[in-house]
Amino acid sequence: MSTNRTLKADEPAIEQQELDADRPSPALTLTAALLGFALICLDASVVNVALPAIGSSFGSGMSGLQWVVDAYTLAFAALMLSTGAFSDRAGASRAYALGTAVFTLASVGCGLAPNLPALIGARTVQGVAAAVVLPASLALVRQAYTDPAKRARAVALWAAGGSAAVALGPVAGGALTTAWDWRGIFFVNLPVGLVILALLVRAPRSERRPAPLDLPGQVTAVLALTALTFAVIEGGAAGWAAGAVAVVAGAAFVRIEARQPHPVVPLGLFHDRTVTATVAAGAAVSVAFYSMVFVFSLFFQQVQGRSALAAGLMFLPMTGLIAVTNVVAGKLAGRYGPRLPMLAGQGLAAAGLLVLLYVDSGTPSALVAVLLVPMALGCALTVPPLTAAMMDAVPAERAGLAAGVLNSARQVSGGLGIAVFGALVSDGFVEGMRLSLIISAALLAVTFALSCRLSGPSAS
């Protein structure tokens, strides 16, 4: 009889072990989420080195090349404001599968594009899908790990995957363009997308949760950003008309957000000076980093006559140190508070930009590669502490929304920086490049001053 009691007492434990055995491994979900996040980060940087080859293939000028980059960046950034809510409503696993499938098909469309408009259209679809993938991938990681310590390590791995992809982007773009063709940078997404979808078959299904959508705010935000970018890139009479549309749409956006019960961008967030300073610093860092990758990708190839592979390798010294610097920045923020590493990072990035003013067409490429390192390290040192400061400044229930606002501001700023600086270098490359460097350094000087007003070590 005692044996029977023992068996009965052990039955719940046995049943739990059987359930645990049947439950998919969280590592599979993490792998799927990490691959997707890395894929969309890779496509934000891999295309830069391939731009001259794309221009030669389609006979495109500078404005067309700018749209190849910005079509992806702007769709990604603008729609990221709402896709977190969409992920909650659809369920993270369904949203992630949909985003991955669309991204993969759009990548094939990019690789098969018969002309520049078709490529730009497919890049836009890629950006839309990427905006769905990012919040859904992070939500999947959060759901897969219930233990806080394990979840923190999983999120760190997820973030490291994105940093590694950004670092490898220029090198991968140069290698694929040289060994295959510029279309290879898009076709390589197909097998990765299929692997992700195969892994998702074993991932648990996510619950749907009610989440409000601010469609009027989202539509006016997309219209304002697209019109503003068009005005900067195209110029002329059409540019002035687009600028007017951007002003009207921007005013409508502010009015809508002020009245919406659930706005995509709560304007009240910016009453906190920490939020204002961190969003501004994130925007300035993105202008400096992403715009300089764009400009110097063209500089190495169009001005110095380097191959796509050689141009990609020139970015390896600066990108290879980004992930390590991100980790160091996080530790500094934890020990000294976010203000000190933010100030150090922005100061280093601004100084690095000013040093690059001495670069001209005759400067050895290897020296230029070394001179790019301080700017990149300064940007990498700034982003983790400003993100931590932003999260500390908002209530916990608004953390996801605040993260969306910060990341959208960073992506939009990077896209607009490419639009502005692309226009500057099209009228004289070296002179336009130097003016771009001065503008970027000036923006960082402004955000450095704003960051000085943040709280000290107690802020973390």
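What is the mean pLDDT of the protein chain, and what percentage of its residues reach 70 or more? I looked this up before anything else. The mean pLDDT, the predictor's confidence in each residue from 0 to 100, is 82, and 89% of the residues reach 70 or more.

**Ground rules.** I am reading a predicted model, in which local features need pLDDT of at least 70, side-chain atom pairs count only at pLDDT 80 or more, and totals for chains, interfaces and linings use all residues. I number residues from 1 along each chain as its sequence is written, and side-chain values use heavy atoms, with hydrogens and water left out.

**Confidence by element.** I compared the elements of the protein chain: helix α19 (residues 429–451) has the highest mean pLDDT, 93, and helix α1 (residues 2–22) the lowest, 47. Over residues 9–22 the pLDDT is below 50, and I find two contacts for this stretch beyond near neighbours in sequence; contact means heavy atoms within 4.5 Å. Where pLDDT is low, the predicted coordinates should not be read in detail.

**Whole chain.** I list 19 helices and zero strands, taken as DSSP runs numbered from the N terminus (helices H or I, at least four residues; strands E, at least two). Of the 460 residues, 50% are buried, where buried means under 20% relative accessible area, exposed over 50% and partly exposed in between (1.4 Å probe, protein chains only). Among contacts between residues at least 6 apart in sequence, I note that 83% join residues at least 24 apart.

**α12 and α19.** Two packed helices are described by the angle between their axes and the distance between the axes. I took the axes as lines fitted to C-alpha atoms, for helices over the stretch in contact, with angles from 0 to 180 degrees between N-to-C directions. Helix α12 (residues 273–303) and α19 have axes that come within 9 Å and cross at roughly 165°. I therefore enter α12 as roughly antiparallel to α19 (under 35 degrees is roughly parallel, over 145 roughly antiparallel, 65 to 115 roughly perpendicular, the rest oblique). The crossing of α12 past α19 is left-handed; that term applies if the near helix is turned anticlockwise from the far one by less than a right angle, and right-handed if clockwise. By class, I have 19 nonpolar, five polar and no charged residues in this contact. Ala, Val, Leu, Ile, Met, Phe, Trp, Tyr, Cys and Pro count as nonpolar, Asp, Glu, Lys and Arg as charged, and the others, Gly among them, as polar.

**Two residues of α19.** I looked up Gly432, which is in helix α19 and is buried because its relative accessible area is 6%. Its C-alpha lies 9.5 Å from that of Val295, 137 residues away in sequence. Ser436, also in α19, is buried at 0% relative accessibility. Leaving aside neighbours within four places in sequence, I find Ser436 in contact with Met292, Phe421 and Leu424, and Gly432 in contact with Leu424 and Val425.

**α4 and α10.** The axes of helix α4 (residues 62–90) and helix α10 (residues 215–234) come within 10 Å and cross at roughly 160°, so I enter the two as roughly antiparallel. α4 passes α10 in a right-handed crossing. The residues in contact include Trp67, Asp70 and Leu74 of α4 and Val222, Phe230 and Glu234 of α10. I count ten nonpolar, six polar and two charged residues here.

**Thr124.** I place Thr124 in helix α6 (residues 116–144). Thr124 is partly exposed, at 32% relative accessibility. Beyond residues up to four places away in sequence, Thr124 touches Ala71 and Ala75. I also noted 8.1 Å between the C-alpha atoms of Thr124 and Leu74, which are 50 residues apart along the chain.
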